[in-house]
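Grab your viewer and work through the exercises below. Each one sets a small task and then walks through a solution.

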Amino acid sequence: MRSSLAPGVWFLRSFSRDSWFRGFTLLLTFLIYTCYHMSRKPISIVKSRLHQNCSELIKPINDTHSLNDTSWCSWSPFDKDDYKELLGAVDNAFLVAYAIGMFISGIFGERLPLRYYLSAGMLLSGLFTSLFGLGYFWNIHVLWYFVLIQICNGLVQTTGWPSVVACVGNWFGKGKRGFIMGIWNSHTSVGNILGSLIAGIWVNQEWGLSFIVPGVITAIMGIITFLFLIEYPEDVDCAPPQHHDGSDKDQDNPEDPENSPYTNRESSQETMTSCSKEPVAISFLGALKIPGVIEFSFCLLFAKLVSYTFLYWLPLYIFNVAHFGAKEAGDLSTLFDVGGIIGGIMAGLISDYTNGRATTCCIMLILAAPMMFLYNYIGQNGIVSSIVMLIICGMLVNGPYALITTAVSADLGTHKSLKGNAKALSTVSAIIDGTGSIGAALGPLLAGLISPTGWNNVFYMLISADILACLLLCRLVYKEILAWKSSLSKGRGYKEI
C-alpha cells in the first residue's frame, strides 16, 4: 500500500509548474512597478521643504538674508512668492514628457524584448531620480536643472507600464482578471506609500537622500529584472493562457464581437488580424479601432487628473490647511493610497462578478464627487475624520483608475476582434495610459495655478473632472445594461468582451 503524502508535500505538489511561474511573474512585475511609483513620490513630500515658513526657525550666524525674510530657509529658486507655479512646472516637466512618451513607448514595447526594455528603463529612471536629489548636495539652485531631470525621468518611466501589463497579459487569461489585477495593481499605492515613507525620513534634514535612496532601489530592481523576468510562458515550456472562454464558431455566443457591448461589426472587421502563427504588432490606428478604447482612454484622462492631483498636492494641502509638519503631512497622505489599494481590489471583484467594467467605474466615480466635497469641508476638523475620509476618497478615486489601467486594458488588448493577436496588448495599454497621462499632467498644473485663489477652487476643479469621467462612460454603461437584460431573458450568464 502506498503511504499518504505529508501535508507539506501535498501542498507543494498541489500547485502546477505553470502556477509557480505565473505567481513568480506576478510578484516580480508587482515589485517592478512598485519601484517606478516609489521613485515618483518624493517630489510631493519634499515640496513643503523646498518652500516653508522660516519665521519660527533660528537663522545661522553667517546668514545674509534680511530680518523680515520668512523664506530664508527655503531652497532657491522655490523661495519666492511664485513657488507654487515653479513647483507645478517641475511636476509638469515629468508628466508632460511621460504623456508624450507613453504613446511611443507601447509601440517600442511590442517590438523589443520586454526584459531588456524594462531593465534599461529602470536603470535610467534610478539614475535620473538620484540626479534630482544630488542637486541638494551639489548646491544647485537653477530651475532648468530640475526641469531637465524631470523631463528625462518622465520619458524613461514610460518603459514601465505598457511592458508590465503586456507581461502579465501574456501569463494570465480572461478568468478572474479583474480580481487578480485589482490585487496586482496595488503596486501603484504600495509604491506611493513606500516613496512617501522613505522620503519622509530625510525631508527635514538632507532632502536629497529622499530621491537618491528610491533611485538606487529602482536601479537595483532593474538589474533583478534583467536576470529573472520571463516574458512568455512558452519560454519556460509553460502553457499559454486562454484569453477567451467561448468558441469563435458559435455566432450566438454573447462573447462574440457582434454581441459584445464594446463591439460592432464594422470595427470587428477592421481590427481583425491575420491568423498566422506569428502575429504582427498592431498599428496605432488599428488599436484605436478596438471598441471601447477611445471611451475608456478619455475617461482615464479625467480620472487620472484627479488621482495625480492628490498624488502631487495632497501632502502640501495637509501641510497648509491642517498645519501638520512636512513629515507628518507626508505620512498622513499615505492613507489615500491605502484606500486606493482597497478600492482597486473592490473594483476588480465587483466587475468580475457583474461582468460590467464600465458600470463599476461609473458608480465609483459618482460616489467620489460628493466625498471629495465633504473631505475639503469637514475632513480637517479632526484626525479621525481626516483618516476615514482620506481612505474613502482613495477607494473611490483610485478604484476606477486601477480598473481601467489594468483589467480593462488587458481585456481590450486581447479583444476577440483581434483573433488571438495578443501583440496589441502593449499598444492598447500605452494608448489608454498615455491619454490618461495627459490628465495626470493637467491636474497638478491646474492645481498649481488655481491653489493661490483658494483650495476650495482646486476641489471644485477635481469634482468637475470626476463628473466628466463618469459621463464619458454612459454609452458603454448603457450597452452593458442591455447585455445584462438580454442575458437574463435568455437565462444564461453574460460574459463581457
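**Exercise 1. Place serine 437: which helix holds it, is it buried or exposed, and what does it touch?**

Solution.
- Step 1: Serine 437 sits in helix α17, which covers residues 424–450. Keep in mind that this is a predicted model.
- Step 2: The relative accessible area of serine 437 is 0%. The cut-off for buried is under 20%, so serine 437 counts as buried.
- Step 3: Leave out residues up to four places away in sequence, and serine 437 touches Leu95, Tyr98, Ala99 and Lys304.

**Exercise 2. Take stock of the whole chain: how many helices and strands does it have, and what percentage of its residues count as buried?**

Solution.
- Step 1: Count the elements, and you get 19 helices and zero strands.
- Step 2: Turn to burial: 57% of the 497 residues count as buried.
- Step 3: For the surface, the chain exposes about 20,700 Å², with carbon and sulfur atoms supplying 68% of that.
- Step 4: Now look at contacts between residues at least 6 apart in sequence; 81% of them join residues at least 24 apart.

**Exercise 3. Find the residues that touch the most other members of the largest nonpolar core.**

Solution.
- Step 1: The largest nonpolar core has 115 residues, and Tyr375 and Leu462 touch the most other members.
- Step 2: Helix α13 (residues 293–321) gives this core its largest share, 15 residues.
- Step 3: Zoom in on leucine 462. Skipping neighbours within four places in sequence, leucine 462 is in contact with Leu305, Val306, Thr309, Phe310 and Met372.
- Step 4: For background, nonpolar side chains in soluble globular proteins tend to be buried together.

**Exercise 4. Now go to the surface: which residues make the nonpolar patch of about 910 Å², and which element gives the largest share?**

Solution.
- Step 1: List the members: Phe24, Tyr116, Leu123, Val216, Ile220, Ile223, Ile224, Phe226, Leu227 and Phe228.
- Step 2: Two elements give two or more residues to the patch, namely α5 (114–137) and α10 (209–228).
- Step 3: The largest share, seven residues, comes from α10.
- Step 4: Pick phenylalanine 226, which belongs to helix α10. Its relative accessibility is 38%, so phenylalanine 226 counts as partly exposed.

**Exercise 5. Check the geometry of α5 and α9: how far does each helix reach from its first C-alpha to its last?**

Solution.
- Step 1: α5 has 24 residues and spans 35 Å, close to the 34 Å expected at 1.5 Å a residue.
- Step 2: Just after α5, asparagine 139 takes a positive phi of about 60 degrees.
- Step 3: α9 (residues 187–202) has 16 residues and spans 23 Å, close to the expected 22 Å.
- Step 4: The buried residues of α9 include His187, Asn192, Ile193 and Ile198, along with Gly191, Gly195 and Gly200.

**Exercise 6. Work through some salt bridges: how many are there in total, and where do the partners of lysine 47 and glutamate 295 lie?**

Solution.
- Step 1: The count comes to five salt bridges.
- Step 2: Lysine 47 and aspartate 91 pair up at 2.5 Å, N to O. Lysine 47 is in helix α3 (residues 42–50) and aspartate 91 is in helix α4 (residues 83–111), so the pair ties together parts that are 44 residues apart in sequence.
- Step 3: Check burial here. Lysine 47 is buried at 0% relative accessible area, and aspartate 91 is buried at 0% too.
- Step 4: Glutamate 295 and arginine 475 pair up at 2.2 Å, N to O. Glutamate 295 is in helix α13 and arginine 475 is in helix α19 (residues 474–490), so this pair ties together parts that are 180 residues apart in sequence.
- Step 5: Glutamate 295 is buried at 17%, whereas arginine 475 is partly exposed at 38%.

**Exercise 7. Finish with isoleucine 378: which residues is it in contact with, leaving aside neighbours within four places in sequence?**

Solution.
- Step 1: Isoleucine 378 lies in helix α15 (residues 357–378) and is partly exposed, with a relative accessible area of 37%.
- Step 2: The contacts of isoleucine 378 are Ser385 and Met389.
- Step 3: Methionine 389 is eleven residues from isoleucine 378 along the chain, and their C-alpha atoms are separated by 9.1 Å.

Notes
Residues numbered from 1 in each chain as written. Predicted model: local features only at pLDDT ≥ 70, side-chain atom pairs only at ≥ 80, totals over all residues. Heavy atoms only, no water. Core = buried A, V, L, I, M, F, W, Y, C linked by side-chain atoms within 4.5 Å. Buried < 20%, exposed > 50% of the residue type's maximum accessible area, 1.4 Å probe, protein only. Helix = DSSP H or I, 4+ residues; strand = E, 2+ residues; numbered from the N terminus. Contact = heavy atoms within 4.5 Å. Patch = residues over 30% accessible without salt bridge, like charges linked within 9 Å, V, L, I, M, F, W, Y side chains within 5 Å. Areas by Shrake-Rupley, 256 points an atom, 1.4 Å probe, with all protein chains shown as cover. Salt bridge = Lys/Arg side-chain N within 4 Å of Asp/Glu carboxyl O. Expected span 1.5 Å × (residues − 1).
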